[in-house]
Amino acid sequence: MGKLLEIQDLKTQFVSSQRTITAVDGVTLHVDQGEILCVVGESGCGKSVMALSVMRLVQPDTGRFAGGRILFEGEDLLLKPEREMRAIRGNAIAMVYQEPMSAINPVFTVGSQIVEAILAHKPVSRAQAAEQAERLLTLVGIPDAAARMRTYPHELSGGMCQRAMIAMALCCEPRLLIADEPTTALDVTIQAQILELIRRLNRDLGMAIMFITHDLGVVAELADRVVVMYAGKVVEEGKVDDLFGDPLHPYTRGLLACIPRPGAVGKLPAIEGMVPHPGDLPRGCHYHTRCPEAVDRCRCSEPPLEALGDQRVACFVAAARRREA
């Protein structure tokens with residue numbers, strides 16, 4: 001499979017009168033055609049800012065791209081004028097947001113918003129757009145789609161509203177769907193239905209998906225490949241079976257240890273400490289203040305992201321251990 005999206009050494013910064021904060025710091029990753037890539041990490045790791053960077057939705061009055069490239073089908077999105085990006089957003093690349101109620105206009109019906117999205121990118125009549133919108137609502141599992149076309153967002157449940165948001169994202173048959181924690185606010189039953197819907201869309205439509213989450217249980221169900229982020233950087237990458245079977249980075253092992261196990265008793269394991277603020281990062285490896293395996297080198301030097309077999313990892317200790325094996 002060829003690379004559909006390729007991010008190379010991306011740096012996204014937010015600037016104020018007091019200081020400059022680097023939220024995405026040298027991220028390099030790719031999404032192949034037709035695959036599901038899961039990007040995982042705690043809140044504050046830079047996952048959502050990375051996704052907004054791909055969509056070029058970082059506000060220019062407060063944010064900027066300080067380096068790197070974002071190649072979509074070989075063309076650098078960072079070099080495109082805003083007019084061309086408007087044609088790409090929602091058409092070639094679509095995004096499903098974590099909070100559907102904040103992304104859907106509350107004063108227009110669900111159907112009218114999907115119709116307007118179709119008309120913005122496709123040369124079809126309003127009647128044809130309405131027919132397509134109804135088909136999309138049916139596709140994502142909304143019952144009585146004709147009636148739901150006339151429904152306002154506040155009249156839908158959280159799960160139905162998220163399905164409507166996915167229908168809107170699919171209206172122009174994008175080649176890449178970015179889903180930013182789309183199941184976080186949903187109960188477990190609805191979450192399972194949304195994940196099954198995303199798997200079906202990937203399988204039936206051949207759509208590449210970048211799925212952003214902090215839930216490794218979701219990753220195990222969904223991913224072909226996994227990227228682990230910490231403090232704005234990629235710290236590990238690999239196929240899902242490799243990463244779960246042989247995690248290399250101490251942070252990845254810490255995240256896996258936090259997954260609830262059937263029959264487990266006592267206090268649930270947790271990674272001590274917090275993700276550092278991007279404006280106050282520790283010297284050296286940004287994880288060393290929380291890492292039980294840190295050595296002196298970790299505290300003064302930043303480890304590079306290097307290939308170890310089929311995985312990539314940014315850890316001096318893991319790299320040394322693998323070379324000695």
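A residue is called buried when its relative accessible area is under 20%, exposed when that value is over 50%, and partly exposed in between. By this scale Glu-75, at 44% relative accessibility, counts as partly exposed, and the same scale is applied throughout this walk through the structure, which is a predicted model.

Taken as a whole, the chain contains 13 helices and 12 strands. Its C-alpha trace spans about 65 × 50 × 40 Å along the principal axes. The radius of gyration is 21 Å, which agrees with the value near 20 Å that a compact globule of 325 residues would have. Of those 325 residues, 49% count as buried, and among the contacts with a separation of 6 or more, 64% are made by residues 24 or more positions apart.

One part to begin with is an open sheet of four strands, arranged in the order S2-S1-S4-S5 with antiparallel pairing. Its edges are formed by strand S2 (20-32) and strand S5 (75-76), each of which pairs on one side only. Strand S5 runs antiparallel to strand S4 (residues 63-72) and is joined to it by two bridges, and within S5 it is Glu-75 that serves as the bridge partner of Phe-72. Helix H1 (residues 47-54) packs on this sheet, where it touches strand S1 (3-15), S2 and S4, and the direction of the helix makes about 110° with that of S1.

Glu-75 also takes part in a side-chain interaction, for it meets Lys-80 in a salt bridge with an N to O distance of 2.6 Å. The two partners differ in their surroundings: Glu-75 is partly exposed at 44%, whereas Lys-80 is buried because its relative accessible area is 14%.

This pair leads on to the salt bridges of the structure, which number 23. In another of them, Glu-302 is joined to Lys-233, with the closest N and O atoms 2.7 Å apart. Here distant parts of the chain are linked, since Glu-302 sits in the loop between helix H12 (296-300) and strand S11 (306-308) while Lys-233 belongs to strand S10 (residues 233-239), 69 residues apart. Glu-302 is partly exposed, with a relative accessible area of 44%, and Lys-233 is buried, with a value of 18%. Both residues belong to a network of salt bridges that also links Lys-11 and Asp-25.

A further salt bridge brings together the side chains of Glu-293 and Arg-253, at 2.3 Å from N to O. Because Glu-293 lies in the loop between helix H11 (250-257) and H12 while Arg-253 lies in H11, this pair ties together parts that are 40 residues apart in sequence. Glu-293 is partly exposed at 25% relative accessibility, and Arg-253 likewise counts as partly exposed at 25%.

The last element to consider is helix H7 (residues 158-170), whose 13 residues reach 19 Å from the first C-alpha to the last, close to the 18 Å expected at 1.5 Å a residue. Of these 13 residues 11 are buried, and H7 is therefore largely enclosed by the rest of the structure. The buried residues include Cys-161, Arg-163, Met-165, Ile-166 and Leu-170. As for what encloses them, the buried residues of H7 pack against strand S6 (93-96), helix H3 (100-103), helix H4 (110-121), helix H5 (126-139), strand S7 (176-180) and helix H8 (188-205).

Technical notes: Residues are numbered from 1 along each chain as its sequence is written. This is a predicted model: local features need pLDDT of at least 70, side-chain atom pairs count only at pLDDT 80 or more; totals for chains, interfaces and linings use all residues. Side-chain values use heavy atoms; hydrogens and water are left out. Two strands pair if DSSP finds at least two bridges between them. Contact means heavy atoms within 4.5 Å. Axes are lines fitted to C-alpha atoms, for helices over the stretch in contact, and angles run from 0 to 180 degrees between N-to-C directions. The expected span of a helix is 1.5 Å times one less than its number of residues. Buried means under 20% relative accessible area, exposed over 50%, partly exposed in between (1.4 Å probe, protein chains only). A salt bridge is a side-chain nitrogen of Lys or Arg within 4 Å of a carboxyl oxygen of Asp or Glu. The radius of gyration is taken over C-alpha atoms; the globule rule is 2.2 Å times the number of residues to the power 0.38.
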